[in-house]
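Please take a look at the structure below. This report walks through a few of its helices and some unusual spots in its loops.

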Amino acid sequence: MDKYYHIVTYGCQMNVHESEKIAGILAEMGYRSCDEPESADIVVFNTCCIRENAENHAFGNIGMLKKLKAARRDMIIAVGGCLPQQMNKAEGLHKKFPYVDIIFGTHNLHELGQLIKQKLDGKKCVISVRESEGEICEEDRPLRTSYPNAWVNIMYGCNNFCSYCIVPYVRGRERSRSSQKIIEEVRSLVSEGYKEITLLGQNVNSYSGDMTFARLLEKIAAIDGRFRLRFMTSHPKDFSAEVIDVMADNPKICRCLHLPVQSGSDRILKAMNRRYTAARYLEKVDALRAKIPDCAITTDLIVGFPGETDEDFNATLDLVKRVGYASAFTFVYSKRQGTAAADMPDQIPEEVSKRRIMQLVELVNSQTRELSKTYVGRTIEILCEDFDAARGLYLGRDEYGRMGYFPSDEDVIGQFVDMKVEHANGVSLTGCIVR
């Protein structure tokens with residue numbers, strides 16, 4: 001009799017890839033994927049706790065399964081990821097949701113198969129959250145779901161301790177994979193037909209294997225085959241001239257960089273423990289554009305950090321105008337217990353943060369719209385990623401990260417196509433294939 005799993009993923013690309021690892025574990029145990037929890041024999045929530053909204057969203061969806069679990073007592077519910085890895089959260093989850101069968105953390109995801117077996121052997125509730133990160137597991141066999149894109153971890157954890165961020169507490173300290181393992185994985189993916197490889201790490205620039213990150217990029221870009229190479233995330237304090245040179249010299253590396261600035265105010269950057277100034281950040285942007293003038297830069301921005309004044313916020317607006325981001329992820333500061341910022345004075349009132357975020361979003365969106373307009377009439381190379389059935393159009397991105405939609409009489413998913421841009425609509429483009 002067939003057994004089915006359903007995975008619910010929250011958060012970043014790291015979590016998306018870790019859900020692929022979870023899927024690989026479940027597939028090896030004989031489970032098959034299904035689209036709805038009602039059809040599943042096991043439902044796994046891979047959670048995020050970087051912001052309060054993500055945590056609340058997970059709580060809400062776990063709560064919605066209470067009636068389903070009562071009607072189907074043999075169904076297994078597992079909750080893993082960053083949320084239960086927080087101090088004292090696993091026991092709190094168990095008390096709040098006593099019908100959850102398995103609770104595990106970020107450090108022992110690879111043990112999920114063993115935890116499921118313990119549950120199937122009759123254990124009432126299996127709680128297993130390691131306090132320390134331990135060795136990197138190289139035995140993962142992810143069931144990849146993002147063709148023609150593939151995610152590749154090069155490192156785990158973070159040593160930066162930005163004052164607002166809980167990542168070092170739930171992901172542990174930095175550990176880097178061997179360059180040989182990374183290169184072997186990428187080479188295998190390219191041979192399997194994957195066309196875009198994204199290297200993942202909380203701070204890829206601090207990769208500390210047996211070579212520098214720049215050298216690792218160079219080695220991967222030299223692998224035979226036609227593919228694009230991306231990486232994220234880069235911490236500005238560690239983004240080097242050496243990496244810029246490698247990007248400029250290797251056409252496989254996308255001319256697109258995610259460089260989170262968070263704030264344009266030196267006072268706020270210091271309070272965030274970011275360890276760079278706005279001027280230093282801009283120096284790195286200028287150095288990048290001196291070598292790669294058309295490089296698209298994206299970023300993360302936080303408003304409403306404790307103590308942020310109108311002057312500080314205006315400094316952020318000024319920096320956004322100066323850089324001209326291709327796009328940006330914008331957030332209202334979210335207090336995370338256990339971080340230094342949670343206990344800072346002068347927490348910003350909600351109405352002030354809302355006003356600031358609306359103003360920032362409008363500025364970012366206006367820049368994105370203006371950049372999209374410059375595409376009209378041009379022919380760009382798109383890597384087709386999917387088919388949008390609702391619109392009847394194929395879709396994919398150019399190397400700068402801009403999404404394009406186009407009709408096609410044949411299935412072109414996984415192929416590079418030339419698209420002539422006919423219309424621009426905010427962050428997306430529409431056009432037709434040029435044969």
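At what angle do α13 and α14 pack, and how far apart are their axes? The angle is about 10°, and the axes are 10 Å apart. At under 35 degrees, that makes α13 roughly parallel to α14. Keep in mind that this is a predicted model.

**The contact between α13 and α14**

Several residues build this contact. From α13 come Asp 310, Phe 313, Thr 316, Leu 317, Val 320 and Lys 321. They meet Arg 355, Arg 356, Gln 359, Leu 360, Leu 363, Val 364 and Gln 367 in α14. Sorted by class, the contact has 6 nonpolar, 3 polar and 4 charged residues.

**The contact between α12 and α13**

Helix α12 covers residues 278-291, and helix α13 covers residues 310-323. Their axes come within 11 Å and cross at roughly 10°. That makes α12 roughly parallel to α13. On the α12 side, the contact is made by Ala 278, Tyr 281, Leu 282, Val 285, Asp 286 and Arg 289. On the α13 side, Leu 319, Arg 322 and Val 323 take part. By class, this contact has 6 nonpolar, no polar and 3 charged residues.

**A closer look at α13**

Helix α13 has 14 residues. From its first C-alpha to its last, α13 reaches 20 Å, close to the 20 Å expected at 1.5 Å a residue.

Which residues of α13 are buried? They are Asp 312, Phe 313, Thr 316, Leu 317, Leu 319, Val 320 and Val 323. Seen down the axis of α13, these buried residues fall within an arc of 160°, so they line one face of the helix. What covers them includes α11 (266-271), α12, β13 (296-303) and α14 (350-373). The face turned away from the buried side carries the exposed residues Glu 311 and Lys 321. After α13 comes Gly 324, whose phi is positive, near 70°.

**A buried glutamine in a loop**

Gln 262 sits in the loop between β12 (256-258) and α11. Is Gln 262 buried or exposed? Its relative accessible area is 6%, under the 20% cut-off, so Gln 262 is buried. Leaving aside residues up to four places away in sequence, Gln 262 touches Tyr 164, Met 272, Arg 274, Asp 300, Leu 301 and Ile 302.

**Unusual backbone angles**

Two peptide bonds are cis. One runs from Tyr 147 to Pro 148, with omega near 10°. Pro 148 has its place in the loop between β6 (126-128) and β7 (149-153). Another runs from Met 232 to Thr 233, with omega near 5°. Thr 233 is found in the loop between β11 (228-232) and α10 (241-249).

Next come residues other than glycine with a positive phi, among them Phe 161 and Arg 275.

| Residue | Phi | Loop | Relative accessibility |
|---|---|---|---|
| Phe 161 | near 55° | between β8 (155-156) and α7 (167-171) | 27% |
| Arg 275 | near 65° | between α11 and α12 | 48% |

Why does Phe 161 count as partly exposed? Its relative accessibility is 27%, and partly exposed residues lie between 20% and 50%. Arg 275, at 48%, also counts as partly exposed.

Key. Residues are numbered from 1 along each chain as its sequence is written. This is a predicted model: local features need pLDDT of at least 70, side-chain atom pairs count only at pLDDT 80 or more; totals for chains, interfaces and linings use all residues. Side-chain values use heavy atoms; hydrogens and water are left out. Axes are lines fitted to C-alpha atoms, for helices over the stretch in contact, and angles run from 0 to 180 degrees between N-to-C directions. Helices (H or I, at least four residues) and strands (E, at least two) are DSSP runs, numbered from the N terminus. Angles under 35 degrees count as roughly parallel, over 145 as roughly antiparallel, 65 to 115 as roughly perpendicular and the rest as oblique. Contact means heavy atoms within 4.5 Å. Ala, Val, Leu, Ile, Met, Phe, Trp, Tyr, Cys and Pro count as nonpolar, Asp, Glu, Lys and Arg as charged, and the others, Gly among them, as polar. The expected span of a helix is 1.5 Å times one less than its number of residues. Buried means under 20% relative accessible area, exposed over 50%, partly exposed in between (1.4 Å probe, protein chains only). The arc is that of the directions from the helix axis to the C-beta atoms.
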